[in-house]
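Morning, everyone. Please bring up the structure on your screens, and we will walk through it together.

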Amino acid sequence: MSLIIFVVLLILCLSLVRKWVNKKFSYWTDRGFMQGDRAFPLGSLGGVGTKMIIAEKYDYYYNKFKGKTPAVGLYHFLSPVLLVIDTELMKNILVRDFTSFHGRGLFINKEDNPIGVNTFTLSGQEWRDRRVKLTPIFTSGKMKMMFELLDVLGDKLVRILEDQLQYTHELEMRSWLQRFTIDTIGNVAFGIEPNALEHENSELAFYGKKMSNITFLGIVRFMIGSEWPSLAKKLKIGFTPKDVNDYFLKIFVETLERREKSQIKRNDFVSLLLGLKDDYTNEELAAEAFIIFFGGFETSSSLMTFLLYELALNPDIQDRLREEIMTGIEENDGILTYDILFGFKYLDMIVNEGLRKYPPIPTTMRKTNKEYPIPNTKLVIPEGVIIPVNSFSFQRDPEYFSDPEKFDPERFNEENIKKIKPFTNIPFGEGPRICLGMRFGLMQSKIGITKMIKSFVIQPSEKTQIPIKLNLGNPLLAPEKGMWLKFTKI
Ligand code: HEM
């Protein structure tokens, strides 16, 4: 083939590819929607992972299009997604017209990745059935039963931090808090003692962290799963990597066998899941234990990490919280109980403000399972489109929260909380798919904060990154360089 023919063919190919890409990138304008920036190959996600996290990129589009359209069309690589901007539309998607949006659009592969098929990832009737069966294991009565286990681990956290103070007063608290929640959730979801507080490199921590670190391979797996599900099945790709699947399956089945043999009864999720044995296979129960672990360890440790940061920067808030905690416990003969913990009003305001400013899961997703005409517009959302709902944007919008960068627990006092516009503060999501483990997440985060504030004065240290920057390699909210803080024993 002569060089000229080769060059002509190459130009022809390139122009066909260009036409194809342009066609893909006109998906939203063809349907009358406004759309954000787009460029091959990242679509609208330029800068994500190198300059900002995806929630910040959504926030950029949110601010650019707010007031102009109820939702803006974007592209995840070449796939169209629709970012919600208007709170009324958000209410329709999450609650009122939920039947058109019951899935999250996550890829699942029952054969090769059973651990990835759970309440978080399922959609439709399968999701509904699971959710109905699981809801009773998260009631406040069941949480109270688990309180004691967490209380003991909270004391252990304090003891271990005290030991550390013999060597240094500067502690990297993100990793200590991850180790704390690995111990709590490993204990209640898998019935094992991970001993992560004692041993930095516990197995459970290794596999847990593997799920929350974005890697190039992880992105490729996610892309193949959402773009070409049948190819993903052939490649045996699922929601989690294979070793994560095998590990969690193995430890859960081992625990079940131990429990059945020894007839041990404990107040934990394993026992409650065992109660569903007639309805589900071991693999299905393991998948639920896995999502309890995954949903519970990074989220609560992220929340506590950012709370400690704000408490260190705001000593007046910290002092008032300590006063509330000390008095409350003292008046109850020195004993912390579930009711005392949930009766701490100022702690509750602080936790709410932490969740507002730093939502551990900053974006939640829905997927249209049928066409949806947006009320009072001519716009129709097509079937099969992923809809990111970026709580991060609403919760930091000055229209809804004045001076949003300010950490101000008073936003959540008895009077002000009533004034918050519905659907603008949704750190646990909303509607029928709202976080199932909210009470547990709040309980363990409140226990951790209570125990630490009761025992230590927490201050910024020379190594504290102020203002804090976000870790670009984590889909959840995490600080870039850990959380270094100065601890002094009271
Ligand atoms: C501070 C802690 C936590 C935060 C901020 C949080 C946040 C969230 C968010 C934003 C969602 C998505 C909701 C939606 O799409 O509307 C979610 C779902 C979920 N969370 Fe949590 N979570 C936390 C703790 C936990 C814990 C401790 C567990 C388990 C014990 C858990 C289990 C789940 C499950 C199973 C779902 C899926 C619910 C469904 O799709 O029906 N979460 N969580």
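Let's start with a hairpin. Strands S1 and S2 make it, with two residues between them. Look at Phe77 in the turn: its phi is positive, about 60 degrees. One caution before we go on: this is a predicted model.

Back to the hairpin. S1 covers residues 71-76, and S2 covers residues 79-84. The two strands run antiparallel, and six bridges join them. To see one pair, find Ala71 and look across to Val84 in S2. Is S1 mostly covered or uncovered? Mostly covered: five of its six residues are buried.

Now zoom out to the whole chain. How many helices and strands does it have? There are 18 helices and nine strands. The radius of gyration is 24 Å, and the globule rule gives 23 Å for 490 residues, so the chain is as compact as a globular protein of that length. Along the principal axes, the C-alpha atoms fill a box of roughly 85 × 55 × 50 Å. Of the 490 residues, 42% count as buried. Next, the contacts with a separation of 6 or more. Residues 24 or more positions apart account for 72% of them.

Next, a sheet. It is open and has three strands, in the order S3-S9-S8, with antiparallel pairing. Which strands are at the edges? They are S3, residues 170-172, and S8, residues 456-460; each pairs on one side only. On average, neighbouring strands here are turned by 40 degrees against each other, ignoring direction. S9 takes in residues 484-489, and three bridges pair S9 with S3. One pair to find is Glu170 opposite Lys486 in S9. Helix H7, residues 173-190, packs on this sheet. H7 touches S3 and S9, and its direction makes about 55 degrees with that of S3.

Stay with S8 and S9 for a moment. The loop between them holds Pro467. The peptide bond from Ile466 to Pro467 is cis, with omega near -5 degrees. There is also a cis bond between Phe40 and Pro41, with omega about 5 degrees. Pro41 sits in the loop between helix H2 (27-30) and helix H3 (54-65).

One more strand pair. S4, residues 364-367, has two faces. Thr364 and Arg366 are on the covered face, while Met365 and Lys367 are on the uncovered one. S4 pairs with S7, residues 386-389, antiparallel and over four bridges. Thr364 has Val389 in S7 as its bridge partner.

Now the inside. The largest nonpolar core has 80 residues. Which of them touch the most other members? They are Ala189, Phe248, Ala289, Phe290, Phe293, Leu307 and Leu308. Helix H13, residues 282-313, gives the most to this core, with 18 residues. Take Phe290 as an example. Leaving aside neighbours within four places in sequence, Phe290 is in contact with Ile115, Asn118 and Phe248. There is also a second, separate core of 35 residues. Ile54, Leu74, Val385 and Leu436 are among them.

On to the ligand. There are 25 residues around it. Which come nearest? Five glycines: Gly295, Gly296, Gly429, Gly437 and Gly441. H13 and helix H18 (438-455) are the elements that give two or more residues to this shell. Which element gives the most? H13, with seven residues. Recall that H13 also gives the most to the largest core.

Last, two asparagines with unusual entries on our list. Asn195 has a positive phi of about 50 degrees, although it is not a glycine. Asn195 is in the loop between H7 and helix H8 (203-212). Is Asn195 buried or partly exposed? A residue counts as partly exposed when it falls between the cut-offs: 20 or more other C-beta atoms within 10 Å for buried, 12 or fewer for exposed. Asn195 has 15, so it is partly exposed. Asn376 also has a positive phi, near 60 degrees. Asn376 lies in the loop between strand S5 (372-373) and strand S6 (380-381). With 9 other C-beta atoms within 10 Å, Asn376 is exposed.

That's the tour. Thanks for listening.

Conventions
Residues numbered from 1 in each chain as written. Predicted model: local features only at pLDDT ≥ 70, side-chain atom pairs only at ≥ 80, totals over all residues. Pairing = 2+ DSSP bridges. Axes fitted to C-alpha atoms, helices over the stretch in contact; angles between N-to-C directions. Contact = placed C-beta atoms within 7 Å. Rg over C-alpha atoms; globule rule 2.2 N^0.38 Å. Core = buried A, V, L, I, M, F, W, Y, C linked by C-beta atoms within 7 Å. Near = placed C-beta within 6 Å.
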